[in-house]
Amino acid sequence: MRDTPYLVIDADVLEANLAEMAAHARAVGVALRPHAKTHKTLEIARRQLAHGAVGLTVATVAEAEIFAAAGFADLFIAYPVWAEGSRAHRLRALAAAARVRVGADSVEGVRMLADAVRAGRPDAPPLAIAVEVDSGHHRSGLAPERAAEVAAAALDAGLAVDGVFTFPGHAYGVGAGGLAARDEAGALARARDALAAAGIPCPVVSGGSTPSARAADRGVLTELRPGVYALGDAQQWELGSCEPGAIALQARATVVSRRPGVVVVDAGSKTLGADRPGWTTGFGRVPALPEARIVALSEHHATIALPDGVEAPDLGSRLSIAPNHVCMAVALADELVVETAEAEAGVWAVAARGANA
């Protein structure tokens, strides 16, 4: 028996999640390019491609390097990469190893990208960009109407332009997924039209997050980039984006202390991650005890308040905890234990752990 805490993936639930999102993308008529920062594992990425994904989305150049080295040939680094210093050299090498698309939201950024991939090599492999626009999350991205400015600068600098993209991160609020999907479609349509008015083709119109993916506008988007859908988490449960039975990754923990109405388990913030948005009801959830709430989290312990009338589990018994934010839990782990029909079936390395640069 393994010592707790550790992260467990139910391979059957994972497969069902991958198949469901792939079927949704086909029904909507868009390409699926899942975000691999959620799972950071080669095995899940291979399964996503087997289900029809056209490539992967990644969060950093380092993640792209790891997946490219493993044979993944179509990668989208979905943020505005500032390509100076060693990152420029790494990006140039990466572009020689895979088909790479990079986000950009400024003229200065695309000029730096062009300098990075050329760097005295006129025969350097092509690098494609997608212009990031702000659809309401107010992180990176420029006003949709200005997308053509960045696209034109990229073409002038010798880069390819795939199209436009956004991240509707404001879908992360109770009941916000549909509104964020509408904002996403409106912003992307304006950006696409701005490119068309400038005579610039826009084959890729990319959006999507897990909470908004099922409301994606098939009349605007050509590509979806959800990430959390593969594994699920307590946030998606509380947002209504997945049922507790669709949470494929959970932390296995042991009850180490108990008193009436309360148990404490040995999985804390260094296992579950510390994310707790204001709209969540606790620091994670216990699918087997849906009315329970994790009311406190320290580095190595979680305090679980039980509903009235529910007897505290015995000392030494094991509980499975759904983290609030699965991406953060995976980023803290070296490996994921894989189970099928509640029996251990293998271990997957978190290959891109620490790949933050």
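This report describes the nonpolar cores, aromatic contacts, internal spaces and selected residues of a predicted model.

## Nonpolar cores

In soluble globular proteins, nonpolar side chains tend to be buried together. The largest nonpolar core in this model holds 104 residues. Within this core, Phe67, Ile77, Leu113, Leu231 and Ile304 touch the most other members. The element that gives the most to this core is helix α1, which spans residues 11-28 and supplies 8 residues. A second core, separate from the largest, has 6 residues, among them Ala234, Trp237, Ala246 and Ile247.

The surroundings of Ile304 can be given in detail. Leaving aside residues up to four places away in sequence, Ile304 touches Gly261, Val262, Val263 and Val265, and also Val286, Ala292, Arg293 and Ile294. Leu319 and Ile321 are further contacts of Ile304.

## Aromatic pairs

A pair of aromatic rings is described by the distance of the centres and the angle of the planes. The whole structure contains 2 aromatic pairs. In one of them, Phe67 and Phe72 are arranged edge-to-face, with 5.5 Å from centre to centre and 80 degrees between the planes. Both Phe67 and Phe72 are buried. Phe67 also belongs to the group of residues that touch the most other members of the largest core.

Phe76 and Phe165 also form a pair, with ring centres 4.9 Å apart. Their planes meet at 80 degrees, an angle over the 60 degrees required, and the pair therefore counts as edge-to-face. This pair links distant parts of the chain, since Phe76 lies in strand β4 (residues 74-80) and Phe165 in strand β7 (residues 160-165), 89 residues apart. Phe76 has a relative accessible area of 0% and is therefore buried, the limit being under 20%. Phe165 likewise has a relative accessible area of 0% and is buried.

## Arginine over aromatic rings

Two arginine placements involve residues already named. Arg101 is positioned over the face of Phe76, 4.7 Å from the ring centre. Arg285 is positioned over the face of Trp237, at 4.0 Å from the ring centre. Trp237 is one of the residues of the second core.

## Cavity and pocket

Rolling a probe the size of a water molecule over the atoms shows where empty space is left. The count of cavities of 30 Å³ or more is 1. The largest cavity encloses about 40 Å³ of space. Its lining consists of Glu132, Val133, Asp134, Ser135, His137, His138, Arg139, Ser140, Thr166 and Phe167.

The largest pocket contains about 790 Å³ of space. It is lined by 35 residues, of which His35, Lys37, Arg139, Phe167 and His325 are the closest to its centre. Strand β4 and helix α10 (326-331) each contribute at least two residues to the lining of this pocket. Arg139 and Phe167 line the largest cavity and also belong to the residues closest to the centre of the largest pocket.

## Backbone features

The peptide bond between Thr4 and Pro5 is cis, with omega near 0 degrees. Pro5 belongs to the segment that precedes β1 (6-10).

Lys40 and Glu342 are residues other than glycine with a positive phi. For Lys40, phi is near 55 degrees, and this residue sits in the loop between β2 (31-32) and α2 (42-50). Lys40 has a relative accessible area of 6%, so it counts as buried. For Glu342, phi is about 65 degrees, and the residue sits in the loop that joins β15 (335-340) to β16 (343-349). Glu342 is exposed because its relative accessible area is 77%, over the 50% limit.

## Two residues in context

Ile66 is part of helix α3 (residues 61-69). Its relative accessibility is 27%, so Ile66 counts as partly exposed. Apart from residues up to four places away in sequence, Ile66 touches Ala351, Ala352 and Ala355. The C-alpha atoms of Ile66 and Ala151 are separated by 28 Å, and the two residues are 85 residues apart along the chain.

Gln250 is part of strand β10 (residues 249-259). With a relative accessible area of 15%, which is under 20%, Gln250 is buried. Not counting residues up to four places away in sequence, Gln250 touches Tyr6, Leu7 and Val8, as well as Pro287, Ser320, Ile321, Ala322 and Pro323. Ile321 is also among the residues that Ile304 touches.

Terms used. Residues numbered from 1 in each chain as written. Predicted model: local features only at pLDDT ≥ 70, side-chain atom pairs only at ≥ 80, totals over all residues. Heavy atoms only, no water. Core = buried A, V, L, I, M, F, W, Y, C linked by side-chain atoms within 4.5 Å. Buried < 20%, exposed > 50% of the residue type's maximum accessible area, 1.4 Å probe, protein only. Helix = DSSP H or I, 4+ residues; strand = E, 2+ residues; numbered from the N terminus. Contact = heavy atoms within 4.5 Å. Phe/Tyr/Trp six-rings, centres within 6.5 Å; stacked < 30°, edge-to-face > 60°. Lys NZ or Arg CZ within 6 Å of the ring centre and 35° of its normal. 1 Å grid on protein atoms, 1.4 Å probe; cavity = no way out; pocket = protein on both sides within 12 Å on 5 of 7 lines; lining within 4 Å. Points joined across faces, edges and corners; volume = space filled by probe spheres on them.
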